[in-house]
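Trainee: I would like to go through this model term by term, with each label set against its cut-off before we accept the label.

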Amino acid sequence: MVSGSRIVPLLSLLVLIASCGGEQKGVSPGSSSLANAYNEPHRPQFHFTPREAWMNDPNGMFYLDGEYHLSYQYYPDSTVWGPMHWGHAVSTDLVRWKHLPVALAPDSLGYIFSGSAVVDHKNTSGFGNGSEPPVVAVYTYHNPILEAAGGDDFQYQGIAYSLDKGRTWTKYAGNPVLANDTGVRDFRDPKVFWHGESEKWIMVLAVYDRVRLYASPNLKEWEYLSEFGIEGDTRLWECPDLFRLRVPGTREAKWVLLVSIQQEGPSGGTGTSYFVGDFDGTVFTADPAGQKWLDHGADNYAFVTWDNAPTGWGSRLGIGWMSNWQYAQQVPTVAWRSAMTVPRILSLAEDSGELVLSALPVPAVTGLRGAEVQLPVELQDSYQVEGDFSPAQCDISLLVDLENTTASSFGFVLKNSGGDRLTVTFDRSEETVTVDRTASGPQGFSDAFFKGPHKATVDLSQESLDIRVLLDAASIEIFADRGILNFTDIFFPESPFDELSIWAEGGTLVLFDGTVYPMDSIW
């Protein structure tokens with residue numbers, strides 16, 4: 001995906017397209033050696049980042065024969081957005097990643113925008129060779145020449161296939177497989193899945209302020225089914241996903257539609273939303289509760305899920321881009337830009353009589369933990385946590401005894417010697433969590449970044465509250481109340497945070513358990 005304002009000069013586009021062949025097999029992911037990489041300021045140590053250059057949306061994610069594949073929007077020639085490729089990496093545990101050559105590069109039909117990949121077990125596409133199931137990528141072509149000519153049909157869908165478990169890709173000679181006849185310029189980000197009841201592939205596609213659904217028997221020929229939108233909503237929708245999850249405690253299922261929104265996110269700018277509802281093979285119908293936010297922080301966008309992942313129908317595995325289009329191209333990193341969230345497991349949960357999405361880190365993240373630092377069970381005022389760990393790279397796990405906690409508010413603060421700070425506050429009277437990054441580092445690169453603080457509602461009327469916090473150099477991810485609350489923000493202190501304090505105001509914070517773990521680097 002991309003907004004219309006991020007345009008590279010036309011001359012550069014013409015040169016790039018003229019130089020790209022129709023069956024690009026992939027190029028080197030970069031010339032930097034790993035020995036010299038991953039030590040730069042603000043570089044995450046247990047989140048996925050590209051070796052170098054620009055990255056945004058996760059794309060083309062599938063699981064096959066023990067490997068999780070992650071592709072992503074990638075511009076290898078700069079640290080700002082440019083002609084889009086699919087970067088590529090694989091992992092056996094969703095934590096440690098191996099970089100692979102670029103999966104898909106621009107060609108005469110255009111740039112390679114966001115999309116998905118599926119394992120075609122039945123070889124419905126006919127691309128298979130009898131020994132391995134073909135993996136088929138379905139993606140948006142963005143043609144800059146047609147765009148410059150002023151038309152509205154410059155985005156359309158193409159496919160490519162792999163017969164070696166995603167290592168190399170061949171683009172289909174019959175591309176594009178779905179032309180844009182809608183009259184709407186934004187026609188992109190196909191997410192495809194197999195619908196067993198109708199024995200067809202279903203594509204959910206973002207078309208400006210709504211999604212359209214298409215069906216195909218073979219991934220090559222697509223038939224329009226229906227559309228879904230919100231009456232009166234004119235925000236730009238992107239990166240949809242549609243999947244089924246079990247209703248907790250039953251054998252029934254509901255469908256979840258993920259949609260990323262480019263405006264008016266919960267903390268400003270972009271954000272990932274969702275709808276719970278029903279899908280009959282043709283039409284998606286949302287429940288009356290309507291649109292909700294997957295993450296209430298500023299920095300979880302384009303969250304989508306893996307195809308063929310071994311999770312069962314009670315959960316779904318996904319990942320998001322950890323940034324925001326308000327400032328993504330201005331953040332103060334040098335060799336690379338952007339990280340992904342930790343992979344998260346989605347499931348349905350009940351909250352105040354409604355079905356909501358819960359999202360929790362994949363269990364493999366705990367395998368990076370070092371020796372624990374135990375917290376006191378009762379805390380007053382401010383308690384500086386001491387021990388063999390770095391506040392800039394740690395995993396905090398709290399189980400708060402809300403019945404016996406008398407503090408009116410509690411939380412923690414990160415600091416460094418230069419005066420930068422990040423503050424997290426749980427306010428019991430307001431029943432909110434607030435993340436304040438307004439003093440988290442040198443300002444100047446973006447006014448939008450330092451607007452805030454960011455706030456979300458959390459149920460503090462319960463007997464207890466579970467809180468999990470992942471801190472990694474330049475990011476915080478908060479998971480609370482069984483994963484019903486997700487909160488992701490990035491920040492850029494002048495030097496790494498080296499002080500962590502837990503605090504309580506107006507009384508005592510009581511914990512059933514409180515632990516801080518150092519986290520190893522995945523690189």
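Mentor: A nonpolar core is a set of buried Ala, Val, Leu, Ile, Met, Phe, Trp, Tyr and Cys residues joined through side-chain atoms within 4.5 Å, where buried means under 20% relative accessible area, exposed means over 50% and partly exposed lies in between (1.4 Å probe, protein chains only). The model is predicted, so that local features need pLDDT of at least 70 and side-chain atom pairs count only at pLDDT 80 or more, while totals for chains, interfaces and linings use all residues. Residues are numbered from 1 along each chain as its sequence is written, and side-chain values use heavy atoms, with hydrogens and water left out.

Trainee: Which residues have the most contacts inside the largest nonpolar core?

Mentor: They are Phe48, Trp54, Leu70, Trp97, Trp306 and Met340, in a core of 41 residues. Strand 1 (53–64), strand 2 (67–75), strand 5, strand 18 (301–305) and strand 19 (316–321) each supply at least two residues of this core; strands here are DSSP runs of E with at least two residues, as helices are runs of H or I with at least four, numbered from the N terminus. A second, separate core has 39 residues, among them Ile396, Leu414, Leu422 and Phe426.

Trainee: What is Met340 in contact with, once its neighbours within four places in sequence are left aside?

Mentor: With contact taken as heavy atoms within 4.5 Å, the partners of Met340 include His47, Phe48, Met55, Leu70 and Tyr72, and also Ile319, Gly320, Trp321 and Met322.

Trainee: What makes Val304 count as buried?

Mentor: The relative accessibility of Val304 is 8%, and this value falls under the 20% limit, so the label holds. Val304 is found in strand 18, and, not counting residues up to four places away in sequence, Val304 touches Pro58, Met61, Lys191, Cys239, Pro240, Asp241, Leu317, Gly318 and Ile319. Its C-alpha is 9.8 Å from that of Arg316, with the two residues 12 apart in sequence.

Trainee: How do you know that Ser323 is buried, given that it is found in a loop?

Mentor: The loop in question runs between strand 19 and strand 20 (336–337), but the label rests on accessible area, and the 3% of Ser323 is under the limit, so Ser323 is buried. Leaving out residues up to four places away in sequence, Ser323 touches Thr270, Ala298, Asp299, Asn300, Tyr301, Ala328, Ser338 and Ile490.

Trainee: Why are strand 5 and strand 8 said to stand at the edges of their sheet?

Mentor: Four strands form that open sheet in the order 5-6-7-8, with antiparallel pairing. Strand 5 (111–119) and strand 8 (170–171) each have a single partner strand, so one side of each is left without a neighbour in the sheet. Two strands pair if DSSP finds at least two bridges between them, and strand 6 (residues 135–142) is joined to strand 7 (residues 155–162) by eight, so the pair meets that requirement. Within it, Val136 has Tyr161 of strand 7 as its bridge partner.

Trainee: Which strands are the edge strands of the open sheet with the order 18-19-21-22?

Mentor: In this antiparallel sheet of four strands, the edge strands are strand 18 and strand 22 (354–361), each of which pairs on one side only. Strand 21 (residues 344–351) and strand 22 run antiparallel and are joined by eight bridges, with Glu350 opposite Leu355.

Trainee: How many bridges support the pairing of strand 11 with strand 12?

Mentor: There are six, in the antiparallel sense, between strand 11 (residues 210–216) and strand 12 (residues 223–229). Arg212 stands opposite Glu227 in strand 12, and among the six residues between the strands of this hairpin, Leu219 takes a positive phi near 70°.

Trainee: Why do positive phi values and cis bonds deserve a note?

Mentor: Most residues other than glycine have a negative phi, and most peptide bonds are trans. Asp189 in strand 9 has a phi near 65° and, at 2% relative accessibility, counts as buried. Ala302 in strand 18 has a phi of about 60° and is buried at 0%. The peptide bond from Asn175 to Pro176 is cis, with omega near -5°, and Pro176 lies in the loop between strand 8 and strand 9 (188–195). Another cis bond joins Gly452 and Pro453, with omega about 0°; Pro453 is in the loop between strand 28 (432–436) and strand 29 (454–457).
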